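Colleague: I should be grateful for a close look at a single helix of this model, and for an account of the surroundings in which it should be read. Please treat the matter in one connected answer.

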Amino acid sequence: MLTALWLVPVVGALLVGVVLPRRLARPVGLATALVTLVLALAAAVAFQSGHQGYQYEEYVPWIRDYSIAYHLGLDGISLWLVLLNALLTVVAILAAGDRVARRGGFIALILLLEGGMAGVFLAADLLLFYVFWEAQLIPAYFLLWQWGEGDRANQAATKFVLYTLVGSLLALVAVIGEYVYAGGGAHTFDLATLAKQPPSPGIQFGLFFLFGLAFAIKVPLFPFHGWLRDAYAAAPVPLLVTFAGVMGKTGAYAMLRILVPLMPHPVLWWDWNAVVPILAVLGIAWGAFMAIAQRDMKLLIAYSSVSHMGFIVLGIFAFNQQGQQGAVLQMVNHGIIVPALFLLVGWIAVRTGTRDRTRMKDLAPRMPVLAGVFMVVTLAALGLPLLNSFAGEFMTLLGAWQFSPWLAVAGCLGLLLAPVYMLRLYQGLMYAAPGEQLPPPGDHGHHGAHPAAETATVARTDLAGGELALLVPLLVLMGLLGLYPYLLTQAMNSLGYPLPVPWR
Amino acid sequence: MIATFLAVTPTVSYTFGQAGSDLWQVAPITAVTATLLVAMVVDLLLPPRRRGSAVAVISVVGLVVALALAGLRWSQGGGHSAYSGFATGDSFAIYFEVLFSVLGILTVIVSHAYVRRRDFLESEFHVLTLAAVIGMMVLGAATSLVTVFLGLETLSIALYVACGFARRDTMSQEAAAKYLLVGGFASAFVLFGMALVYGASGTTLLPEIARRIGPDQASNPLLLIGVVLMGVGFAFKISGAPFHQWTPDVYQGAPLPVTAFMSVGTKAAAFAMILRVFDYALPGVGGEWQALLAFVAAASMIVGNLMAIAQTSVKRLLAYSGVAQGGYMLVGVLAGGNSGISAVLFYLFAYLFMNFGAFAILTVLVTPDGERDRLEDLDGLGFRHRWLGLLMTVFMLSLAGFPPLVGFFGKLFLFTAGVSSGWTWLVVIAVLTSVLSVAYYLRVVVHVYTPLAEVPEVDRPRGPMVAVTVSAVLAVALGIVPFVIQGAGVMGAGPLIAGR
């Protein structure tokens, strides 16, 4: 059952990429993604909250001499991320329209990426986790490089890979270190066993650094976000749906499921558990300020992502139930909002021919539906109550307050700045000051009075039906999770293995 | 002590039964030697036009027989020492006999097409390959310093000739001369070291040396100089830095199948030799040779990976990558014990498939006027020939150590052994330099998928295609079921740590 969640996309990818003719690429790819989504939904429907331990567990010994097992399991955290992954892959494939060149390869690699990320969420064995963790990098690299926008896509892809690899290869040392030093000398890679018997605090300190670096780069946590700017600028929008929507979450998920339970007391020269939340808060502020400074819409969203991921990390390292559950909630929420934002921004860029937000204005009269949808997503992104982001951010800050009021107060800065950059973006794009409006649609008359030359030409096309349909599931989820976040948190009392601070 | 050793030979009456039993212990070597002799005779008897293919077929058949014999002997649980303790048929030896048989088969298949295209003498080429395979197998089976040197020279002399096989190509001639000089130099080091170790221990038999040299001998200058000299010679043979300077020139100049063959074969044979002599015979002075090899390992990883980044020839790039890969494998040698030695054995098999495969792809691109081994020559390969492009990507990703390919598990086992036995600093160097390595392995992939305006015609000889495909399939399959070779590696490492 769980094997299918990663194997179906991989098989589909091989079919699309190698076996089938080009014209079948999209239907078969879409069918594969839909089958995976149905499987994930089935797992969610049959999921039993309150059950202790993994569900739908699969266990096959793999390399006995090193007690490496093919061990998969689903619990109340991974369930939602697997679902998110499956849903966003469908969206990404649908979004990969005619503008994507060599679409077969693109869809195949998106599916491979889905398989790799699903494996990361499902693995219950540290080494298996690492295998998937590294494997997801390969399709991501090819996607960024071969389908990247701009002439520096190659450099952006290489930068991304090298950044990530520095972390993840050091994490390999940490994986081996866990095997050698933890588990009471049991020499195992089994996550649940390793969590029961962590190594001595000094060893934990070293391992925490090695693992933490890998995960922090992936999230990305300030100040390890150097790859993000180039990569997000280069990534095509359909890729960004899963790249931004899910891949960063693999890092946050790994922090919650590996860093925290396996190394609960990483104290030698200092306490890492006290350092990371400070970095998270710095990231919240840094991301927000950088977002305010951006003119490129894509980069604005990218930096806002850094800010939002800061909340997630802050919640995880608040070391209490509210903070950590809020973080999981926020992983899902952010995974819903960011793809929607990137899609919208991408469509606007296609219609206006530029990604520079200062070169356009007064779009709302020309594309009212798009403007309306964009409004909803903007409000969700800045954390308006009744939309999904509010509950998650509130919980993480509540958790952070119990941990350290100062950090919570500093984190609130991000909440204050989010409306600044989001509403400025929205206002600037959609409206214009009185008297500066562009001529109404269809009127080609008075150009002289307006700085129209600087303003990008606007094709007067509103959202197409297909585009809107793509966003509807995301919009529905924004509303649903905003009204009823308990839908997600109720499953979170079923964990594969307990966290240091137990959840009830 | 010398007297006892000398006394052994004359008193044993060497019967046919004994000869048969000894030959059976080294059955795969026997088979390859017989094949070599048959091939030489056939070469003389047949008309010139048909010689090449006939010898190629005979070589493949002989190597397959050797492989089958090795498999049979493996299934019987390995053998014991033969030739009065000078050689052995234990599972360590068989492991290498399997490896070298596979390598020999792949090499003959690849070189058949290559030699035709470049219009070389074919049968001589295969005969040299067989001779080198014999030398390599002897190194795996050697349990005496004398036999070790015998194998080393058989292997080296065959390769000196093979390197200069492109007679009208000055690069090839340069490679042969360089390899001969440096190789001779290294052999002299090894031989001198062996002489000193023999002087210190009074025997050339490795098990006997292991018994006689204890930690109390660690201050014996004779022994220490001997160990250092042997270590330097071995480092030359595995092209470990700072003794690697010959590698890129020789790899670049030698004909491609020879490069492919020796990049894997010489390295594997040299590692068999290091494991036998250092890990098995000289654990008593472990601290001494470990210090030397740790330095070589760190230097190889750093120098190899840094230099590879700057290369424009794929052959040179792979040569430097081989230097670095040798550094990784030394981590396993240093770790020792079952986990360390079996990790080295596993890695050698992994290395066989991924490195040979990468070179074999280059042989597909060979034209009658020469080789095409610049990085730009790969441009567009992924578009004009999707399959080859995909396979090259697989090899490069595997060499870079990406899961779930076999190279990843090779590194995992090596590094686990390293951390377990306290070589964490070396593993950290290995890991950090691997990041550098990804930069140049990916550069190859980048060239493979760089679009090209005009698509040149490639015809694809069947032989190399088969070899490449087999290598790639194994590189992927062994990543999914690594325990097959890993288990074999553990068994192969058994004889070296038994009784310890």
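Modeller: Helix 4 of chain A is largely enclosed by the rest of the structure, because 20 of its 20 residues are buried. The model is a predicted one, and the description that follows should be taken in that light. Helix 4 covers residues 103–122 of chain A. From its first C-alpha to its last it reaches 28 Å, close to the 28 Å expected at 1.5 Å a residue.

Burial leads on to the nonpolar core. In soluble globular proteins, nonpolar side chains tend to be buried together. The largest nonpolar core of this model holds 404 residues, and those that touch the most other members are A:Val82, A:Leu144, A:Ala252, A:Val313, A:Leu344, B:Leu99 and B:Val331. The element that gives the most to this core is helix 15 of chain B, residues 337–364, with 20 residues. One of the core residues named above, A:Leu144, may serve as an example. Beyond its neighbours within four places in sequence, A:Leu144 is in contact with A:Ala153, A:Ala156, A:Ala157 and A:Phe160, and also with A:Ala231, A:Ala234 and A:Ala235.

Chain B may be described in similar terms. Its secondary structure comes to 21 helices and two strands, and buried residues make up 62% of its 500 residues. The radius of gyration of chain B is 22 Å, which agrees with the value near 23 Å for a compact globule of 500 residues. Along its principal axes, the C-alpha trace of chain B spans about 75 × 60 × 40 Å. Of the contacts in chain B between residues at least 6 apart in sequence, 80% join residues at least 24 apart.

The two chains also meet. Their contact takes 24 residues from chain A and 22 residues from chain B. On the side of chain B that touches chain A, helix 18 (406–420), helix 19 (424–448) and helix 21 (483–497) each supply at least two residues. Helix 19 of chain B gives the most to that side, with nine residues. By type, the residues of this side of chain B divide into 18 nonpolar, four polar and no charged.

As to confidence, the model scores ipTM 0.87 and pTM 0.90. The mean pLDDT of chain B is 89, with 96% of its residues at 70 or more. Where pLDDT is low, the predicted coordinates should not be read in detail.

Methods: Residues numbered from 1 in each chain as written. Chains lettered and ligands numbered in written order. Helix = DSSP H or I, 4+ residues; strand = E, 2+ residues; numbered from the N terminus. Rg over C-alpha atoms; globule rule 2.2 N^0.38 Å. Buried ≥ 20, exposed ≤ 12 C-beta atoms within 10 Å, placed from the backbone. Contact = placed C-beta atoms within 7 Å. Expected span 1.5 Å × (residues − 1). Core = buried A, V, L, I, M, F, W, Y, C linked by C-beta atoms within 7 Å. pLDDT = per-residue confidence, 0-100. Nonpolar A, V, L, I, M, F, W, Y, C, P; charged D, E, K, R; others polar.
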